[in-house]
Amino acid sequence: MGPVTRIRLEGVTKTYGAVKAVDNVSLEIRDGELFTILGPSGCGKTTTLRMIAGFEVPDEGKIYFDDEDVTFLKPYLRNTAMVFQNYALWPHMTVFENVAYGLKIRKKQLKLSDEEIEKRVKEALRLVKLEGMEDRYPLQLSGGQQQRVALARALVVQPKVLLLDEPLSNLDAKLRIEMREEIKRIQKSLGITAVYVTHDQLEAMSISDRIAIMDKGKVLQYGTPREVYFRPTNLFTAEFLGRSNIFRGRIVEKQDSYLVVRVEDLDIDLKATPIQPDLTGEVALVIRPESFKVEQSSQEDNIVRGRVDFAMFLGDRTEVRIKVGKSSLIAYLPNNFYPEIGSELALGVSWRNVIALPYK
Ligand code: ATP
């Protein structure tokens, strides 16, 4: 098949016995983007990825690569390559042989000479910065290097779509951050469309052009990292991505650009930004801890007064919990600020940073 760039899922559903692993999922993945499916364990991410690869067939719905319906197309005809969490390298083969394998089995079909295979393997190894490691065996490599081999092996066949299933989960924290950058660099330099599966929200935000948030088989929201972080449209996203203060409230006034919401637990009214125009009655308010300011400067600010319950110096910030009314909230404040426990504190928070969602 020809060059594949765009992927479209339309109402895709997959059931295993009584479990709806993927429930009516529709997504559009654009040319050359790194698209991440993010969600907790068991939410259906891997199943979605496996249906894109063709390892699983949906019970309902369609999958398109560009305008071609590939729902029932065999995996090896899809021009995709997958990188797995556990690398899945062959231990008895050298790095070179591992990477060359996919080309060797297709040697006749692709009309490749040994020289061409060698050239392409070397190129792939250069791309993942493993030149000179051709003769090593997987067990002689670090975890990060093994993952690079797995990446080279996927890329050497020049797939049009790269699928990555939790590729960094087995690496330590420092290496994970390094490999995030690497994967993004390689993906962008090849301009290849990539679908990335992870349960790690920081990984998703740092690496992705766009993120789909999945829970219980459903895609709840998708957008750029900034969109889903700053404008969560549902409580699950607000809680799963980053940290949120969440309060229940009742709309008491509607202005053109903001709402006034009565929050009984805090015993205050807060100005808030509605996530959709038709909100009425009960709402949930979401406030990120970093949205609070020690100084209140502008007219836009809500003022929240409370008593410091707890303060923790965390190096890059001071985390403070203040008791307000019957409840409390967490604020991330500058690291040069350290309030006394029990002292009174007034914090500002712009209504632009108080998001009102439907309460469910
Ligand atoms: P994890 O991060 O733990 O891999 P996931 O989000 O990738 O989770 P899936 O592996 O897609 O989730 O699984 C979604 C649901 O479908 C789970 O409840 C899982 O137990 C179930 N499931 C997945 N594959 C099968 C299968 N082959 N047979 C039966 N149930 C399955």
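# Notebook: helix α1, the ligand shell and the two domains

I began with helix α1, which is mostly covered: 8 of its 9 residues are buried. I listed the buried ones as Lys45, Thr46, Thr47, Thr48, Leu49, Arg50, Met51 and Ile52. Just past the helix I found Gly54, with a positive phi of about 95°. I note here that this is a predicted model.

**Ligand shell**

Next I looked up what surrounds the ligand. The shell consists of Tyr16, Val19, Ala21, Gly39, Ser41, Gly42, Cys43, Gly44, Lys45, Thr46, Thr47 and His199. I then asked which elements give two or more residues to it; they are β2 (19-29) and α1 (45-53). The largest share, 3 residues, comes from α1. Lys45, Thr46 and Thr47 appear in the shell, and I had already logged Lys45, Thr46 and Thr47 as buried residues of α1. I sorted the shell by class and got 4 nonpolar, 7 polar and 1 charged residues.

**Whole chain**

I stepped back to the chain. It has 9 helices and 19 strands. Its C-alpha trace spans about 75 × 45 × 35 Å along the principal axes. Of the 360 residues, 39% are buried. I also checked contact range. Among contacts with a separation of 6 or more, 65% join residues 24 or more positions apart.

**Domains**

How is the chain divided? The domain assignment gives domain 1 (7-237) and domain 2 (243-358). Their C-alpha centres lie 39 Å apart. The contact between them takes 5 residues from domain 1 and 6 residues from domain 2. On the domain 1 side, I counted 2 nonpolar, 2 polar and 1 charged.

I compared this with the record. UniProt, in an unreviewed entry, places the feature "domain: ABC transporter" at residues 7-241. I computed that span as 37% helix and 26% strand. Its end C-alpha atoms lie 25 Å apart.

**Positive phi away from glycine**

I searched for non-glycine residues with positive phi and noted two cases. Glu166 has a phi of about 45°. I placed Glu166 in the loop between β7 (161-165) and α6 (173-190). Is Glu166 buried or exposed? Glu166 has 19 other C-beta atoms within 10 Å, so it is partly exposed. The cut-off for buried is 20 or more.

Lys216 also has a positive phi, of about 45°. Lys216 sits in the loop between β9 (210-215) and β10 (218-223). I found 15 other C-beta atoms within 10 Å of Lys216, so Lys216 is partly exposed as well.

**Ile251**

I moved on to Ile251, in strand β11 (residues 245-254). Why is Ile251 put down as partly exposed? Because it has 17 other C-beta atoms within 10 Å. I set aside neighbours within four places in sequence and listed the remaining contacts. They are Leu259, Val261, Leu279, Thr280, Gly281 and Val283. I took one pair further: Ile251 and Val283 are 32 residues apart in sequence, and their C-alpha atoms are 7.2 Å apart in space. Val283 falls within strand β14 (residues 282-287).

**Strand β19 and its partners**

From β14 I followed the pairing to β19. The two strands run antiparallel, with 5 bridges joining them. Val286 stands opposite Ile355 in β19. I then checked the pairing of β13 (residues 268-274) with β19, which is parallel and has 2 bridges. There, Pro274 has Ala356 as its bridge partner.

How many residues of β19 are buried? I found 4 of the 5 in this strand (residues 354-358), so β19 is largely enclosed by the rest of the structure.

**Hairpin β16-β17**

Last, I looked at β16 (residues 318-324) and β17 (residues 327-333). They run antiparallel and are joined by 7 bridges. The two form a hairpin with 2 residues between them. I looked up the partner of Val324 and found Ser327 in β17. In the turn, Gly325 has a positive phi of about 55°.

How values were computed
Residues are numbered from 1 along each chain as its sequence is written. This is a predicted model: local features need pLDDT of at least 70, side-chain atom pairs count only at pLDDT 80 or more; totals for chains, interfaces and linings use all residues. A residue is near a molecule or strand if its C-beta atom, placed from the backbone, lies within 6 Å of it. Ala, Val, Leu, Ile, Met, Phe, Trp, Tyr, Cys and Pro count as nonpolar, Asp, Glu, Lys and Arg as charged, and the others, Gly among them, as polar. A residue is buried if 20 or more other C-beta atoms lie within 10 Å of its own, exposed if 12 or fewer, and partly exposed in between; C-beta atoms are placed from the backbone. Two residues are in contact if their C-beta atoms, placed from the backbone, lie within 7 Å. Two strands pair if DSSP finds at least two bridges between them. UniProt positions are given in the numbering used here, feature names are shortened, and annotations may be inferred rather than shown by experiment. Domain bounds come from an automatic or database domain assignment.
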